[in-house]
Amino acid sequence: MAKNNLLLGNGQALVGPTSWPSAARPKAAVYSIDEARAHLHPQLELFARQAASVPAAAAPRGEMAGRVLVHPEYLAKSHFPAGVLRSAGLRMLGTRSRMVTPRCRLRKRKPDEPMFTAELLVAGAAAAFEILDQLLMDSDAAGVQRDLSRIEDIAMMSAPDRIRSIRPLKDGTALLEAVLHANKDDRDIVEAFAKWAGLCNGEADLDRALSVEGLTFLPVRVAAEGVWTLGQFSHVRVLRSVATLRSHEGSLRAVEAATALPRDSVAPVTDAFRVAVFDGGLGVGVPGVQEHTWPHTLKTSVDYLDHGAAVTSAFMFGPVLPGQVALPQVYAPVDHYRVATPHDERDPEMFDAVCRICEVLDRGEHGFVNISLAPSATLDDDDVHLWTSALEPRLASGRVMAVVAAGNSGELDYPESRIQVPADMVNGVAVGSAAAPSGVVTRASHSCVGPGRSPGLVKPDGIAWGDAVPLYNLRSGGLAQCKGSSFAAPLVLRAAAGAAALADGVTPATARALLIHTTERASKATQAEIGHGRFSLDPLDLVTCGDREAMVVYEGQLEPGRPVGAALPWPSGDVFGRVRVRATLVFHTGVDVAHPINYTRAGIEARLRRSPGGQTVSFFSKSKLYGQSEQEMRADAHKWETVLSKEIGLNADTLDDPMLELVYRARDEGLPISAAKLEPLPYVLVVTVAAIAEPDFYDRVRQRYPVLVPVRLRAGVVLPT
């Protein structure tokens, strides 16, 4: 069936206020205060003895770092023992996730099964931990006793808590990325670390130190035998060896072409926005593309230029299919930024390259960007990384859509096959490789897999053709056969930018939602392999639908704590047979990079009401999100996902003016925040209702809702018939 009906916009006209049930009952206590005293007091006494042996040079401001393990029953942020920690003079540094078998639990099911919980990282003088012990043993305040009874364990952070895999170099040194709990105003902590590194026979590169959201990243070279001592510095979160560049894990193979392909038009479809490609350069003039360099990226290699040219070609022209006689018109002007060269591979975690990307993003000149060049780094959920941490806040507004290659280590054993940074961003689109452009939806064997962080569980977001893709070679004028997620990513960006170029009103945030909403799903493939499905590479697929369905986009803002209901497209009169309801909800949010367990600051709960006044059911529930996984032990995990997409089948006679209800929740550094302090949250919701037995379903929806306006295509765009 031809998809010759246009996407219906202005869905927000069908959104209005609704009600939401009240909060849950107060939590019962797991431990009595006497039980808490008997268990925690010896731990705090041990903490005091260990604190006395910490060198002053390793404890700036006289602060020690501690680990406070919260009982799993109190994982909700409103239950954290933050009040008593503040009363003792301790400040929160961050959080990490832990699997723990608690001494006692409220739930009787599977009593020996480990449970998912939060570990709070706190800092304070040794005297503050002594005050905490005094509150534990002497206070009769109900709130103090309640908070302390929710703590499972307390311990001092030590070097093993901070050190990850270390790979010494041939010269006997280790080149490390150090992550400190220090913001841009904590210069004294950063300088104290540099002095401590010197005492450990090492050197910290302060000139490259970057501060992001309460963390400071900097490279340090240290003698291999000094790594353990370096890890004793109180404000270190993690030390790890640097990663290599992963831009060349894919491959390019030249293919003979009889003649160079002409271009239909050198002028882009639109100049209303520009597209940025961050890669290894072009080294050749291409109409419609402007290459930008920095003094340190002028000298490069053929490999880098070939990679950058192939990535840019994938965005500009897409795959060159058999029988194609000309290259299509480019959708938008392109800026290619040569952000890395071979010498950058000796740059720890490529500090310089990510700084160049951030410099460009901070100018606000681009609506769409592509990143196919990044460190080869696969991280645990609790680890923080410079690239992800630096890019997330720059994409939190939703005004820029960033597409990132997921990585090509999929043939390795898990977790080495897991998606690589910065594809683990919640504010970006991670693209893996599909084995083919059509047919069975299958991941290419080299493509990295999920799950991603939680939230950010469904990663990659989807897959696109990335195996033996024929691309026009901008440097030679022939063809090249390319393999890798590096080339799948710009193909997806091309579809998104194409939709924005061809249809008025498609913003980067809307394009992101439409991309995910229109993926081709597969019942047998797991989300770990394909994410939400295989992306369409045709921009028109993102803005059209068939006669038996109606696709509506809702764009608006949610006020904190004020639930709304979005009426789904449903015609007047009877609807027969089975219907399919597919909904995709996307929002962008600030993140707390030091709190991976509570990473996103905003969340949306959603539920489906089948009829006015009828019962509601969770639509994007955790059981429908990803299948069974450790992350699902968090009962509220799905609430904090920034991308939710699901399709369900229902009998039409069970629906009567159905509605999807939404409510906006928020948290700050893992803790609840007052609604009065919050800004409205922009969101994009795309809903498709399909009724196979109703050949005029689209027209009937149009007749009922005159406020729904089809998107307007640019002059000259012809729909398929």
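Visitor: Which strands form the open sheet with parallel pairing, and in what order?

Guide: Seven of them, in the order E15-E16-E14-E17-E18-E19-E20. Bear in mind that this is a predicted model.

Visitor: What makes strand E15 and strand E20 edge strands?

Guide: Strand E15 (289-292) and strand E20 (462-465) each have a single partner strand, so one side of each has no neighbour in the sheet. On average, neighbouring strands here are turned by 25° against each other, direction ignored.

Visitor: How do you know that E15 and E16 count as paired?

Guide: Pairing asks for at least two bridges, and E15 shares four with strand E16 (residues 334-338), in the parallel sense. Therefore the two count as paired. One bridge to look for puts Tyr337 of E16 as the partner of His292.

Visitor: Which strands make up the sheet with antiparallel pairing?

Guide: Four strands, in the order E5-E6-E4-E7, form that open sheet. Strand E5 (91-100) and strand E7 (151-156) are at its edges, each with a single partner strand, so each has one side without a neighbour in the sheet. The twist from one strand to the next averages 25°.

Visitor: What joins E4 to E7, and what packs on the sheet there?

Guide: Strand E4 (residues 63-70) pairs with E7 over five bridges, in the antiparallel sense, and Val68 stands opposite Ile154 in E7. Helix H1 (residues 33-52) packs on the sheet, where it touches E4 and E7. The direction of H1 makes about 10° with that of E7.

Visitor: Why is Ser149 called buried?

Guide: Buried means under 20% relative accessible area. Ser149 has 7% relative accessibility, so it counts as buried. You will find Ser149 in the loop between helix H4 (142-148) and E7. Beyond its neighbours within four places in sequence, Ser149 is in contact with Tyr31, Ser32, Ile33 and Ala36.

Visitor: What makes the pair of Ser149 and Gln145 a polar contact?

Guide: The limit for such a pair is 3.5 Å, and the backbone oxygen of Gln145 lies 2.8 Å from a polar atom of the Ser149 side chain. That distance is within the limit.

Visitor: How do you know that strand E30 is largely enclosed?

Guide: Of the 10 residues of strand E30 (residues 659-668), seven are buried, so the rest of the structure largely encloses it. Strand E25 (residues 564-567) is joined to E30 by four bridges, and strand E27 (residues 602-609) by eight. Both pairings are antiparallel. Met659 in E30 stands opposite Ala567 and also opposite Arg609.

Visitor: Why are the buried residues of helix H14 placed on the same side?

Guide: The buried residues of helix H14 (residues 697-704) are Phe697, Tyr698, Arg700 and Val701. They cover an arc of only 165° around the axis, which puts them on the same side of H14. What covers them includes strand E1 (5-6), strand E24 (549-558) and strand E32 (681-691).

Visitor: Which residues touch the most other members of the largest nonpolar core?

Guide: Phe368 and Val543 do, in a core of 115 residues. Helix H11 (residues 485-502) gives the most to this core, with 13 residues. A second, separate core has 41 residues, among them Val212, Tyr304, Leu361 and Leu391.

Visitor: What is Val543 in contact with, leaving aside neighbours within four places in sequence?

Guide: Its contacts include Asn5, Leu6, Leu7, Ala499, Met551 and Leu713.

Technical notes
Residues numbered from 1 in each chain as written. Predicted model: local features only at pLDDT ≥ 70, side-chain atom pairs only at ≥ 80, totals over all residues. Heavy atoms only, no water. Core = buried A, V, L, I, M, F, W, Y, C linked by side-chain atoms within 4.5 Å. Buried < 20%, exposed > 50% of the residue type's maximum accessible area, 1.4 Å probe, protein only. Contact = heavy atoms within 4.5 Å. Axes fitted to C-alpha atoms, helices over the stretch in contact; angles between N-to-C directions. Arc of directions from axis to C-beta. Polar contact = N/O pair within 3.5 Å; in protein donor to acceptor, adjacent residues only side chain to side chain.
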